[in-house]
Amino acid sequence: MTATRRFPGWEIIEGAGGGYIAIRAVQMPEHSALSNVRCGATLPELFKHLEEEARADSNGLQGRARDRAG
């Protein structure tokens, strides 16, 4: 299974200095609790971050601000 099939909605590229970068195909709003870019030193590390992102998305965090302090 390719990375893009495993994580639809993300484009995964190799970083210029090493590692991997995932960029969300459809950007999330600025105050969303979800990320538009995730990075990892290895593909397994990046996949772990994308799995965390998928869990947060499925838990309905997309509409919550990351920092509600203030």
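# Exercises on a predicted fold

Of the 70 residues of the protein chain, 27% count as buried. The model is a predicted one. Work through each task before you read its solution.

## Exercise 1: The outline of the chain

Task. Find how many helices and strands the protein chain has, and which pattern they follow along the sequence.

Solution.
- Step 1. Count the elements. The chain comes to two helices and three strands.
- Step 2. Read along the sequence. The pattern is α-β-β-β-α.
- Step 3. Look at contacts with a separation of 6 or more. Residues 24 or more positions apart account for 38% of these.
- Step 4. Turn to the surface. The chain exposes about 4,900 Å², and carbon and sulfur atoms supply 52% of that area.

## Exercise 2: The sheet

Task. Work out the order of the strands in the sheet, and say which strands stand at its edges.

Solution.
- Step 1. Trace the order. Three strands form an open sheet, β1-β2-β3, with antiparallel pairing.
- Step 2. Find the edges. β1 (10-14) and β3 (37-40) each have a single partner strand, so one side of each is left without a neighbour in the sheet.
- Step 3. Check the twist. Neighbouring strands are turned by 20° against each other on average, direction ignored.
- Step 4. Count the bridges. β1 and β2 pair over five bridges. Four bridges join β2 (residues 20-24) to β3.
- Step 5. Pick out residue pairs. Across β1 and β2, E14 stands opposite Y20. In β3, V37 is the bridge partner of I23, and C39 is the bridge partner of I21.

## Exercise 3: The hairpin turn

Task. State how many residues lie between β1 and β2 in their hairpin, and which residue in the turn has a positive phi.

Solution.
- Step 1. Count the linking stretch. Five residues lie between β1 and β2 in the hairpin.
- Step 2. Check the backbone angles in the turn. G18 has a positive phi of about 110°.

## Exercise 4: A helix on the sheet

Task. Determine which strands helix α2 touches, and whether H49 is buried or exposed.

Solution.
- Step 1. Place the helix. Helix α2 (residues 43-58) packs on the sheet and touches β1, β2 and β3.
- Step 2. Compare directions. The direction of α2 makes about 145° with that of β3.
- Step 3. Zoom in on one residue. H49 is found in helix α2.
- Step 4. List the contacts of H49, leaving aside neighbours within four places in sequence. They are R38, C39 and G40.
- Step 5. Apply the cut-off. Buried means under 20% relative accessible area. H49 has 18%, so H49 is buried.

## Exercise 5: A nonpolar patch

Task. Name the residues that make a nonpolar surface patch of about 200 Å².

Solution.
- Step 1. Collect the members. The patch is made by I13, I23 and V37.
- Step 2. Take V37. The place of V37 is in strand β3.
- Step 3. Judge its exposure. With a relative accessible area of 45%, V37 is partly exposed.

## Exercise 6: The salt bridges

Task. Say how many salt bridges a search of the whole structure finds. Then explain what the pairs R6 and E51, R24 and E53, and R38 and E52 tie together.

Solution.
- Step 1. Start with the total. The search finds four salt bridges.
- Step 2. Take R6 and E51. Their closest N and O atoms are 2.8 Å apart. R6 lies in helix α1 (residues 3-6) and E51 in helix α2, so the pair ties together parts that are 45 residues apart in sequence. R6 is partly exposed at 38% relative accessibility. E51 is partly exposed too, at 31%.
- Step 3. Take R24 and E53. Their side chains meet at 3.0 Å, N to O. R24 lies in strand β2 and E53 in helix α2, so this pair links parts that are 29 residues apart in sequence. R24 counts as buried at 10% relative accessibility. E53 counts as buried at 5%.
- Step 4. Take R38 and E52. The closest N and O atoms are 3.6 Å apart. R38 lies in strand β3 and E52 in helix α2, so the pair ties together parts that are 14 residues apart in sequence. R38 is buried at 17%, whereas E52 is partly exposed at 29%.
- Step 5. Join the pairs. Salt bridges that share partners connect R24, R38, E52 and E53 into one network.

How values were computed: Residues are numbered from 1 along each chain as its sequence is written. This is a predicted model: local features need pLDDT of at least 70, side-chain atom pairs count only at pLDDT 80 or more; totals for chains, interfaces and linings use all residues. Side-chain values use heavy atoms; hydrogens and water are left out. Two strands pair if DSSP finds at least two bridges between them. Axes are lines fitted to C-alpha atoms, for helices over the stretch in contact, and angles run from 0 to 180 degrees between N-to-C directions. Contact means heavy atoms within 4.5 Å. Buried means under 20% relative accessible area, exposed over 50%, partly exposed in between (1.4 Å probe, protein chains only). Accessible areas come from the Shrake-Rupley method with a 1.4 Å probe; for residues, only the protein chains shown count as cover. Patches are made of residues with over 30% relative accessible area and no salt bridge: like charges are joined within 9 Å, nonpolar side chains (Val, Leu, Ile, Met, Phe, Trp, Tyr) within 5 Å.
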